[in-house]
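Colleague: I have the model open and would like to go through it with you. Could you start with how the elements are assigned, and then we can move on to the details?

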Amino acid sequence: MKTMIDAFQKAMDRRGFLSAVIAAAGALAALLLAAPVVGFVLGPIVRREPKDWRAVGAVDDFDKGATVKVALEDAGAASWAGRTGRTAAWLRRSPDGTFTAFALDCTHLGCPVRWNARAELFMCPCHGGVYYADGRVAGGPPPRPLTRYPVRVHNGQVEIKTEPIPIT
Amino acid sequence: MRVVRAIGRWLEDRTGLGGVIGPLARHPVPPGARWSYIFGSATVIAFLLQMVTGAALATLYVPSAGQAYQSLQFISEHAMFGRILRGMHYFGASAMIVLMVIHLIRVFLFASYKFPREVNWLSGAVLMLLVLGLGFTGQLLRWDQNAIWSVVVGAEQAGRTPFIGDFMARLVLGGTNLGADTLTRFFTLHVFVLPGLVILLLSLHLYLVIRNGISEPPQAGRPVERATYRSWYRRMLDEHGVPFWPKAVWRDAVAMAIVVGVVLLLAWKVGPPPIGDPPDPSLVKAHPRPDWYFLFYFALLAIMPHALENYVIILGPLLVGVVLIALPFVAPDGERSLRRRPWAVATVVAMLTIVGALTMAGVHANWSPHFDEPVLPDAVVASDDHAVRDGARVFHDRACISCHRVAGYGGRRGPDLTTVGDRLTREQMTIRILNGGYNMPAYGSILEPGELDALLAFLQSRRHP
């Protein structure tokens, strides 16, 4: 208790007070600077990305039982993103005619999986993850099935909803 | 000449810099600090090389997601000395990592981190983190297919952080997807933030080297004692110290010439790392691989037991950090000589062996399936039996060949099947093929009638000649 009182008295003498004022002024300046800078830098991260349905082709363009890659423009892509603003999905049309859209990203660490049509398997080039045609894990390190994107048929067109990169 | 001297005198009178730098340059250092002590300053030389070549490259590099690739192609193929400069920046980075690690090992083996040089060690540990950060962000600025998918892999790893994983992943991507913000953020880190922090920490590191003095080469039976070390060290310098300039620094000058010479030679003879396909997230042809100094981690992520993954990705780097921070506090005094610290030697040997072995595994990347294997040639199939020949085709078409090797063709993920007919019976093969295994898909629902029989005939025919 005594030491606290001592410390308080010391802080309240002329020089201690001046030091406290200087520190407070410095902290205030830092705070005033930090607010816009941190906000600016975090802007792209907290921003809500627009989502959009993208037409990828007419229903009849896709054979039953086939899986094909469809490219789509990312909804929030800036004009200076160039090709980097594109994205894609594996679109599967099952024998009964329904559509499923899978993310390219392996659920292990995000590398792009490739569809091997003859083997009916998705394979990942990075660490050897393998998936069946319906996205279930067939082997390797992936912890869960391939991520699915929302897909619908609208006015005869197959549409896929642009989604964030699945973080698994 | 007289004019020059007059200007020099005037400058000295107005700035007094000579009076500060002169004694600093001539400060005494321990007489035994010879060739094994050059790696710290050699790392600084490599860093300066990176600053100079990096600044030059930045005059042509366009940090825009849509144009970086083309500007880098221009630098590599058309810009005057562009190929050499890119090569120097690449090999300069490698040199910096290698020299830094040798410096770290030297400091650890000589126990130079002990009293009173604990903060030297800590600032060095932070510097190492920053340099690795520079290496990773630099690779991404190549901004080709490999780079953008490496960013995704980085984001996925950041995403494993408990509670704030999504936020961390977005921080890496610069949003929810790859795009315009991704490259510029890494560019800012690589060119402004990380080098600035390195300069700051390096200043502290070097100031501490001057303040605490270069650690003398250790001697068995002469332990560090906190009460007496400083006065003993000062006395030793007074009696035996040699002036840093020029008696010690000439070795650093030799090292500087070697570092710059070797980097230039490699840049000229080997050239910069190739730029891959353009950065297009809608294309799947990508083999994301980190540069050689991160291959060990790439390998670790592939071959460790899958269940341990989350712990290793998050706790692994944390543990390394804790060990680095704790070291000078756990062992602040006592023996420095290697003869009295066999565990230090064992630690270094073990670490080098582990990282070396993982790096080799990363180079071969046997776990990666082969996508473009040709059909097995007749000479390999070596049979007129229709079933065997059909089976060889199934082996190729159903992508068995992506992971299994037969007579030098195919991937290495699964066992080599060149002589599998000697090892497994038909029944054993059937069970394995239909049900799959730990890393193998179950082919029960994939193979069509007849294909299994053909495949079995082919595999049964694979025997020692």
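Modeller: Helices here are DSSP runs of H or I with at least four residues, strands are runs of E with at least two, and both are numbered from the N terminus. Please keep in mind throughout that this is a predicted model.

Colleague: Fine. Which helix holds B:Val262, then?

Modeller: B:Val262 belongs to helix α11 of chain B, which covers residues 244–269.

Colleague: And is B:Val262 buried, partly exposed or exposed?

Modeller: Its relative accessibility is 43%, and because buried means under 20% and exposed over 50%, B:Val262 counts as partly exposed. B:Val262 also contributes to a nonpolar surface patch of about 610 Å², together with B:Trp35, B:Trp250, B:Val254, B:Ile258, B:Leu266 and B:Val270.

Colleague: Switching to chain A, what elements does it have?

Modeller: Chain A has two helices and eleven strands, and reading from the N terminus, both helices come before the run of strands.

Colleague: How does its radius of gyration compare with that of a compact globule?

Modeller: For chain A the value is 27 Å, whereas a compact globule of 168 residues would have one near 15 Å. The C-alpha trace of chain A spans about 85 × 35 × 25 Å along its principal axes, and 40% of the 168 residues count as buried.

Colleague: What is the strand order in the open sheet of four strands?

Modeller: The order is β5-β6-β7-β8 in chain A, and the pairing is antiparallel. Because β5 and β8 (137–139) stand at the edges with a single partner strand each, one side of each has no neighbour in the sheet. Direction ignored, neighbouring strands of this sheet are turned by 35° against each other on average.

Colleague: How many bridges join β6(A) and β7?

Modeller: There are three bridges between β6(A) and β7, the latter being residues 130–132 of chain A, and the two strands pair in the antiparallel sense. Within this part of the sheet, A:Leu121 stands opposite A:Tyr132 in β7(A).

Colleague: Now salt bridges: how many are there over all chains?

Modeller: The count comes to 20 over all chains. One of them is formed by B:Arg398 and A:Glu120, with the closest N and O atoms 3.5 Å apart.

Colleague: Why does that pair join two chains?

Modeller: B:Arg398 lies in the loop between α16 (386–397) and α17 (400–403) of chain B, while A:Glu120 lies in the loop between β5 (114–116) and β6 (121–123) of chain A, so the salt bridge runs from one chain to the other. B:Arg398 is buried at a relative accessible area of 6%, whereas A:Glu120 counts as partly exposed at 29%.

Colleague: Which residues are linked with those in a network?

Modeller: The network of salt bridges links A:Glu120 and B:Arg398 with B:Glu448 and B:Glu451.

Colleague: And B:Arg426, what does its side chain meet?

Modeller: The side chain of B:Arg426 meets that of B:Asp453 in a salt bridge, at 3.3 Å from N to O. This pair links distant parts of the chain, with B:Arg426 in helix α19 (residues 426–435) and B:Asp453 in helix α20 (residues 451–460) of chain B, 27 residues apart. B:Arg426 counts as partly exposed at 36% relative accessibility, and B:Asp453 likewise counts as partly exposed at 46%.

Colleague: Last one: how far apart are N and O in the salt bridge of B:Arg14 and B:Asp13?

Modeller: In that salt bridge the distance from N to O is 2.6 Å. B:Arg14 is exposed, with a relative accessible area of 54%, and B:Asp13 counts as exposed at 58%.

Methods: Residues are numbered from 1 along each chain as its sequence is written. Chains are lettered from A and ligands numbered from 1 in the order in which they are written. This is a predicted model: local features need pLDDT of at least 70, side-chain atom pairs count only at pLDDT 80 or more; totals for chains, interfaces and linings use all residues. Side-chain values use heavy atoms; hydrogens and water are left out. A salt bridge is a side-chain nitrogen of Lys or Arg within 4 Å of a carboxyl oxygen of Asp or Glu. Buried means under 20% relative accessible area, exposed over 50%, partly exposed in between (1.4 Å probe, protein chains only). Two strands pair if DSSP finds at least two bridges between them. Axes are lines fitted to C-alpha atoms, for helices over the stretch in contact, and angles run from 0 to 180 degrees between N-to-C directions. Patches are made of residues with over 30% relative accessible area and no salt bridge: like charges are joined within 9 Å, nonpolar side chains (Val, Leu, Ile, Met, Phe, Trp, Tyr) within 5 Å. Accessible areas come from the Shrake-Rupley method with a 1.4 Å probe; for residues, only the protein chains shown count as cover. The radius of gyration is taken over C-alpha atoms; the globule rule is 2.2 Å times the number of residues to the power 0.38.
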